[in-house]
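Biologist: Before we talk, please put the model on the screen. I would like to ask how its descriptions are reached.

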Amino acid sequence: MAICTGCSLLCQDIEADVSDGRLSKAKNLCRKGHGHFQASFSERTFPMIGGKQVDLNQAIARAAEILRSAKSPLLFGWSNSTLEAQRVGISLAEKLGATIDDTSTFCQDSLMESILSGNLPSSTLDDVRNYADTSIFWGADPSNSHPRHLSRFSYYPRGEKRQKSYEEERTCLVVDVRMSATAALCKENLYRVSPGGDAEFIEAIISVLEGKIPRVGDKKKMIELGTLLKKTEWGAIFPGPGLVYSLQGNMEILERLLARLNEITVFKVVPMVGHFNTRGFYELLREKTGHVNRVSFKGGEIAHGPEQSVMAAAKSCDAALIVGSDPLSSLPFGTAQALARLPLIAIDPHRSLTTDAAEVVIPSAISGLEAGGTAVRTDGVKIEFEPIIEAGIPADEQILKRIMEAI
Amino acid sequence: MALELSIIIIRDIFQDEAGKKSRYSEEYKSQSALIILDKQDLAGIGAKEGEKLLVKNDVGSIVVSARLSEDTHPGLAFMRSSPWSNQLVSDATCEAGIPGYKGIKAAVQPAEASAAVTDISEILSRIKG
């Protein structure tokens, strides 16, 4: 059995035959996971300096030189690295007095902060499978982002207390601005909000739970929703980027809704982080600094806030180390442009816009396939894994340790 | 004619799969360089599904393919998260440091007949300046 590190569900039941240098047989992989496994055999990186192929030692030495001479380096990425590599990365940031931020910055961080601090009640996905009778996907579309979420945990499986499952015992609701693929599964239970209208919608639910007439939405449908929530025995809310962006970091209103729901019944919030070890990075950095991301160690002091995010740091730092991430593809144009002007060091298994713009490229093993380690699933469950391919490529952890030694 | 629309960035499993395999493939380009429009909006700019559209705002401009939505959402359009959509996303943030991925204002109109869908090499050149 292999693990899939294609998303944060970390499916551990994968059967894959990669013995002849290609993915010849696969079982239990979703389409996203299949792409992740197939990617092991295409568009791999080589050690490069200034666009010319070099040996690994030269690339590592040049990376160390850039970081050593930088006054304000940025260390970015981390969501696709093991806990072991993340730990070295955080130590490296501390040693360099650098700013450190992650791939999911501003996408899930405010929600994760609220969950890790205990302000929002949470649970494992195994509890969802065993107990949940109501699953609410809010600004989330797991059919596209976490494809096996519904089949492994939140809708279809027969759990301990939910043997009749989706046929009789589970209800699936979607709150979204559109008819997403997940919403199409539970059409009559799609609650459409206007873009940015989630806070107003939460207020309307709180009103209905308190027996008042809601100010927004179809009143009859809102009252039906209130009844369904009150009748729920064990509910779970899965907030996606749609909700987090809409609330603009203001988790207080969501916390208020959960507090109200939990006066009536049991309701949990289970995050849906994107990358396979986003949560691991958040937990490690929080343990060290009290913050999940956007941290600077400059001058030996810990600073945290929007000024320490990649968006701001890209414009103020003088070098950047990017690990397992392609910010030139995924971040706004101006931020990508600012990063591209810096001496970039990219540690990545795959060619990307970022590796193509980097001064130094260091190839790394793909975690889960070519390197073992530990990761934290989106719901907080820690999972250890062994590699299934002997590729002879160093893992992020080893590369970072070598850079640290060279510095 | 050009129509001012609000664009929301979404995820798609087919595009995600293509992107994992290669950022430079035709498959990734065809799954990424597109805008999903409401039927009424598509007709409003005098375009049809599959035609090339110019999407432009203060941040940048791209040529992408039009896709007809199966849903109804006049005034709203959807693009998949990619280097193409990011050409239109401002790096200005709200107080909490969050950029506006969920409501990008842009003008959408049919592209000139000679225009090609923006290539990823062109996007990388723009980023590198």
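Modeller: This is a predicted model. In chain B, 50% of the 129 residues are buried.

Biologist: What makes a residue in chain B count as buried?

Modeller: A residue is buried if 20 or more other C-beta atoms lie within 10 Å of its own. In chain B, 50% of the residues pass that test. For chain A, with 407 residues, the share is 57%.

Biologist: How do you know that the radius of gyration of chain B agrees with that of a compact globule?

Modeller: For 129 residues, a compact globule would have a radius near 14 Å, and chain B has 14 Å, so the two agree. Along its principal axes, the C-alpha trace of chain B spans about 40 × 35 × 30 Å.

Biologist: Which helices and strands does chain B have, and in what pattern?

Modeller: Chain B holds 5 helices and 6 strands. Along the sequence they follow the pattern β-α-α-β-α-β-β-β-α-β-α. Of the contacts in chain B between residues at least 6 apart in sequence, 76% join residues at least 24 apart.

Biologist: Now chain A. Why is chain A called as compact as a globular protein of its length?

Modeller: Chain A has 19 helices and 18 strands. Its radius of gyration is 22 Å, close to the 22 Å that the globule rule gives for 407 residues, so chain A is as compact as a globular protein of that length. Its C-alpha atoms fill a box of roughly 65 × 50 × 30 Å along the principal axes.

Biologist: What makes helix 17 of chain A largely enclosed by the rest of the structure?

Modeller: The count of buried residues does. In helix 17 of chain A, 7 of the 8 residues are buried, so the helix is largely enclosed. The buried residues are Phe333(A), Gly334(A), Thr335(A), Ala336(A), Ala338(A), Leu339(A) and Ala340(A).

Biologist: Why are helix 2 and helix 19 of chain A called oblique to each other?

Modeller: These helices, residues 56-69 and 396-406 of chain A, pack at an angle of about 55 degrees, with their axes 9 Å apart. Angles under 35 degrees count as roughly parallel, and 65 to 115 as roughly perpendicular. The angle falls in neither range, so helix 2 and helix 19 of chain A are oblique. Their crossing is right-handed. Helix 2 of chain A makes the contact with Ile60(A), Ala61(A), Ala63(A), Ala64(A) and Leu67(A), and helix 19 of chain A with Ile399(A), Arg402(A), Ile403(A) and Ala406(A). By class, this contact has 8 nonpolar, no polar and 1 charged residues.

Biologist: How do you know that helix 3 of chain A is oblique to helix 14 of chain A?

Modeller: Helix 3 (residues 83-96) and helix 14 (residues 278-289) of chain A pack at about 40 degrees, with their axes 10 Å apart. Roughly parallel would need an angle under 35 degrees, so helix 3 of chain A is oblique to helix 14 of chain A. The crossing of these two helices is right-handed. Their contact divides into 5 nonpolar, 2 polar and 2 charged residues.

Biologist: How many residues does each chain bring to the contact between the chains?

Modeller: Chain A gives 43 residues and chain B gives 37 residues. On the side of chain A that touches chain B, 17 are nonpolar, 20 polar and 6 charged.

How values were computed. Residues numbered from 1 in each chain as written. Chains lettered and ligands numbered in written order. Predicted model: local features only at pLDDT ≥ 70, side-chain atom pairs only at ≥ 80, totals over all residues. Contact = placed C-beta atoms within 7 Å. Nonpolar A, V, L, I, M, F, W, Y, C, P; charged D, E, K, R; others polar. Axes fitted to C-alpha atoms, helices over the stretch in contact; angles between N-to-C directions. Helix = DSSP H or I, 4+ residues; strand = E, 2+ residues; numbered from the N terminus. Parallel < 35°, antiparallel > 145°, perpendicular 65-115°, else oblique. Left-handed = near helix turned anticlockwise from the far one by under 90°. Rg over C-alpha atoms; globule rule 2.2 N^0.38 Å. Buried ≥ 20, exposed ≤ 12 C-beta atoms within 10 Å, placed from the backbone.
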